Amino acid sequence: MEFAHSSAATSLDGTLVTRTCEVPDVSYRAFLSAHGTPHVHWSTPDGVEVVGSGAAVAVTGTGEGRFETVRERAGSVFDAMDADASGPARPRMLGGVAFSPDHGAAPPWSGFPAAQFLLPERQLTRTDETTFLTVSRYGPDVTAESVEAALDAAREDVAVLPAMVPSGDPPGVVGTAHLTTREEWHGMVETAVDRIESGDLRKVVLALALTVDLDAPVDVPSVLERLRRTYPECYRFLVQPTDAAGFFGAPPERLVRLRDRAVETEALAGSAARGDTPEADADLAAELVESEKIQHEQGLVVDAIRDQLEPLGAVAVGDQHVHRLATIQHLRTPIEATLDDDRHVLDIVSALHPTPAVGGLPPDVAQRVIHETESFDRGWYAAPVGWFDAGGDGEFAVAIRSGVAGGREATLFAGNGIVADSDPAAEWDEVRLKYRPILDELGHGDDVTADTDDPAEAVERTERATGDDSTAE
Ligand SMILES: C=C(O[C@H]1C=CC=C(C(=O)O)[C@@H]1O)C(=O)O
């Protein structure tokens with residue numbers, strides 16, 4: 001395998017050759033399990049799915065300048081490119097960054113750099129009509145003939161894979177543990193509220209982490225496959241640099257999509273549960289819309305995104321509506337901009353991240369409060385994850401409703417916006433709703449969580465009740 005891994009000490013030097021052919025539809029799970037890590041997966045609610053294994057090129061970056069570093073290194077690769085596909089299967093760099101520029105890669109984030117994007121060695125791209133197989137190689141001696149031969153071999157490998165593999169059973173949850181106690185959470189929220197009242201902070205999004213012991217090793221592609229059915233309106237992603245752990249999730253929130261000069265983004269904030277009946281559901285949605293506190297919380301996100309984009313072009317803020325997902329509903333306002341100049345999507349990502357939907361206001365004060373308050377490393381949680389191409393177009397989601405998992409362990413993350421009149425108990429209940437997408441798919445589905453708004457406790461109760469802890473380590 002050609003593996004060009006950029007670091008501060010080495011410059012990238014070579015030609016990128018990529019060759020693509022159409023193949024019959026094939027199971028992503030089977031494709032990934034046939035090839036070693038690194039693995040990446042990216043799907044959008046409106047169609048394109050990309051899955052890749054191996055790295056023809058990997059670019060990394062650290063610190064405040066990580067977006068710029070990635071952009072420059074990827075640019076030098078794309079500058080010397082011989083690619084035969086220009087549509088959905090065109091070369092893309094897929095990956096993401098850590099929430100904070102001083103990311104330390106401590107467990108469970110071992111193997112996750114502060115920023116990493118890779119151009120997969122083997123990639124499947126599925127659109128509504130067609131599946132493409134792409135093979136890419138990068139290096140000083142790579143020739144078109146060698147990549148065409150590798151594509152022929154890869155096509156033969158893919159031909160024996162099943163078209164579809166049923167997604168299999170969830171691994172099952174043996175037990176869960178919050179890394180922050182309820183009392184600690186109350187203290188965190190009260191301190192943040194005091195700080196907001198004293199005037200130097202307007203909003204901060206504080207997060208919780210939940211460790212989950214699994215009954216069997218997790219198969220993340222299966223989990224993603226099940227999430228496709230339960231959360232079809234969400235993105236789905238996997239970033240797995242090594243065999244040790246993969247970061248994955250089903251985020252409902254777009255950070256940015258850039259096509260030519262057209263920017264599409266959104267302000268997604270404020271949460272309520274789904275009701276058991278249409279009437280209860282409508283009541284909960286009405287509470288969201290009518291709540292001054294939640295309107296304030298979401299309005300700050302709209303204003304901050306508008307302020308970030310206005311220097312770059314003409315901004316249009318759309319109408320707010322309630323965005324309903326299987327287990328939660330949010331206030332959502334679409335925001336579009338037409339840029340005055342050509343820009344790389346990473347410039348927009350860097351300008352927007354973190355929005356006050358996952359960080360706070362003012363951003364630097366909120367970042368400090370998060371750092372001082374949370375007892376765990378956010379790692380890549382709530383950070384941008386997505387792709388960009390040679391022209392600088394791309395799409396990024398905000399990596400929420402996510403977790404990092406390997407073997408029989410997973411760590412899930414969930415955060416909530418804290419504003420002046422936040423109540424710690426209500427925020428505790430609300431934040432735990434956000435574990436549900438992933439926890440339900442790791443556990444035993446609706447049966448486990450149907451009668452409670454606390455999935456973590458429900459799973460614990462169910463496992464205790466069935467005595468199903470025989471495989472606990
Ligand atoms: C930070 C998260 O959600 C954000 C997005 C929607 C609603 C949010 C809220 O209600 O606070 C958060 O801003 C998360 O899911 O971990």
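Student: Hi! How many residues of domain 1 are in contact with domain 2, and how many of domain 2 are on the other side?

Tutor: 37 residues of domain 1 are in contact with 43 residues of domain 2. Two residues are in contact if their C-beta atoms, placed from the backbone, lie within 7 Å. Please keep in mind that this is a predicted model, where local features need pLDDT of at least 70, side-chain atom pairs count only at pLDDT 80 or more, and totals for chains, interfaces and linings use all residues. Residues are numbered from 1 along each chain as its sequence is written.

Student: Which elements make up the side of domain 1 that touches domain 2?

Tutor: α1 (28–34), β3 (39–43), α2 (66–79) and β6 (92–97) each supply at least two residues of that side. The element that gives the most to this side of domain 1 is β6, with six residues. Helices (H or I, at least four residues) and strands (E, at least two) are DSSP runs, numbered from the N terminus. Sorted by class, the side of domain 1 that touches domain 2 has 20 nonpolar, 13 polar and four charged residues. Here Ala, Val, Leu, Ile, Met, Phe, Trp, Tyr, Cys and Pro count as nonpolar, Asp, Glu, Lys and Arg as charged, and the others, Gly among them, as polar.

Student: Where do the two domains begin and end?

Tutor: Domain 1 covers 4–159 and domain 2 covers 173–466, with bounds that come from an automatic or database domain assignment. Their centres, taken over C-alpha atoms, are 26 Å apart.

Student: What makes a set of residues a nonpolar core, and how many residues has the largest one?

Tutor: A nonpolar core is a set of buried Ala, Val, Leu, Ile, Met, Phe, Trp, Tyr and Cys residues joined through C-beta atoms within 7 Å. The largest has 126 residues, and Val57, Ala399 and Leu412 have the most contacts inside it. Strand β10 (residues 203–214) provides the largest share of this core, nine residues. Both domain 1 and domain 2 give residues to this core, so it lies between them.

Student: Why is Ala382 called buried?

Tutor: A residue is buried if 20 or more other C-beta atoms lie within 10 Å of its own, exposed if 12 or fewer, and partly exposed in between, with C-beta atoms placed from the backbone. Ala382 has 28 C-beta neighbours inside 10 Å, so Ala382 counts as buried. Ala382 lies in the loop between α9 (363–373) and β19 (384–389), and has a positive phi of about 65 degrees although it is not a glycine.

Student: Does Arg401 count as buried or exposed, and why?

Tutor: Buried, because Arg401 has 29 C-beta neighbours inside 10 Å. Arg401 sits in the loop between β20 (394–398) and β21 (402–406). Arg401 is not a glycine, yet has a positive phi of about 55 degrees.

Student: Why does the radius of gyration of the protein agree with a compact globule?

Tutor: The radius of gyration is taken over C-alpha atoms, and the globule rule is 2.2 Å times the number of residues to the power 0.38. With 473 residues, a compact globule would have a value near 23 Å; the protein has 22 Å, so the two agree. Of the 473 residues, 51% count as buried.
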